Amino acid sequence: MAIVSWKEILLLTGLVVGCYWNSLSCGFVFDDVSAILDNKDLRPSTPIRNLFLNDFWGTPMAEERSHKSYRPLTVLTFRLNYLFSELSAASYHLLNVVLHAVVCVLFLRVCRLFLDKTSSLVAALLFAVHPIHTEA
């Protein structure tokens, strides 16, 4: 079984928070305008089923202008954020930091299935700080 200690969880979480905490003071940029600010699927007045009928940007998948980027789980997290803080960018960034920390711990658990303890921890630490997890 892939056992992860509390010390490793705290190390990974601390590293993620240390690397990405500065994002909490940032606003929405680039695609966030279309994906969050202009996306009607985030609003409570929109039926939840629209998340499964529309693309990432809130455009019906059947329409020609749709990008066909189907990510209902991501839009659902945006909608939950909207319920808590409407369009406060800090809460969206905070949830991303928390989710990234959780994924890093899960990644460590998966690595433990294939690698020794030290190698799996190094892999998870690299995964936690790798710049591919950030956008411009």
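How much of the protein chain do buried residues make up? In this predicted model, buried residues account for 35% of the 136 residues in the chain. The fold is simple to list: there are 6 helices and 0 strands, so to walk along the chain from the N terminus is to read α-α-α-α-α-α. Taken along the principal axes, the C-alpha atoms fill a box of roughly 50 × 30 × 25 Å.

Two stretches of the chain carry a label from outside the model. An unreviewed UniProt entry lists residues 9-30 and residues 90-111 under "transmembrane region". What do these two spans look like here? Residues 90-111 are 100% helix and 0% strand, and the C-alpha atoms at the two ends sit 31 Å apart. Residues 9-30 come out at 55% helix and 0% strand, with 32 Å between the end C-alpha atoms.

Next come the charged pairs. A search of the whole structure turns up 2 salt bridges. In one of them, the side chains of E8 and R112 meet, with 2.6 Å from N to O. This pair ties together distant parts of the chain, since E8 belongs to helix 1 (residues 6-20) and R112 to helix 5, 104 residues apart. Are the two partners buried or exposed? E8 has a relative accessible area of 7%, so it counts as buried. R112 is buried too, because its relative accessible area is 14% and the cut-off for buried is under 20%.

The salt bridge between R65 and E63 has its closest N and O atoms 2.7 Å apart. Here R65 is exposed, at a relative accessible area of 59%, while E63 is partly exposed, at 30%. Put side by side, the E8 and R112 pair has two buried partners, whereas the R65 and E63 pair has an exposed one and a partly exposed one.

Helix 5 (residues 89-114) also holds V98, a residue that helps make up a nonpolar surface patch. That patch covers about 470 Å² and is made by W21, L94, V98, V102 and L106. V98 itself has a relative accessibility of 43%, so it is classed as partly exposed.

Over in helix 4 (residues 72-85) lies T77. With a relative accessible area of 22%, T77 is partly exposed. The C-alpha atom of T77 is 9.5 Å from that of N96, and the two residues are 19 apart along the chain.

Finally, there is helix 6, which runs over residues 117-129. Its 13 residues reach 19 Å from the first C-alpha to the last, close to the 18 Å expected at 1.5 Å a residue. Which residues of helix 6 are buried? They are S120, L121, A124 and A128. These four lie on the same side of helix 6, because they cover an arc of only 100° around the axis. The spacing fits a general rule: an α-helix has 3.6 residues a turn, so residues three or four places apart point the same way. On the other side of helix 6, T118 and L126 are exposed. Helix 6 thus shows a buried side with S120, L121, A124 and A128 and another side where T118 and L126 are exposed.

Note on methods:
Residues are numbered from 1 along each chain as its sequence is written. This is a predicted model: local features need pLDDT of at least 70, side-chain atom pairs count only at pLDDT 80 or more; totals for chains, interfaces and linings use all residues. Side-chain values use heavy atoms; hydrogens and water are left out. Patches are made of residues with over 30% relative accessible area and no salt bridge: like charges are joined within 9 Å, nonpolar side chains (Val, Leu, Ile, Met, Phe, Trp, Tyr) within 5 Å. Accessible areas come from the Shrake-Rupley method with a 1.4 Å probe; for residues, only the protein chains shown count as cover. A salt bridge is a side-chain nitrogen of Lys or Arg within 4 Å of a carboxyl oxygen of Asp or Glu. Buried means under 20% relative accessible area, exposed over 50%, partly exposed in between (1.4 Å probe, protein chains only). UniProt positions are given in the numbering used here, feature names are shortened, and annotations may be inferred rather than shown by experiment. The expected span of a helix is 1.5 Å times one less than its number of residues. The arc is that of the directions from the helix axis to the C-beta atoms.
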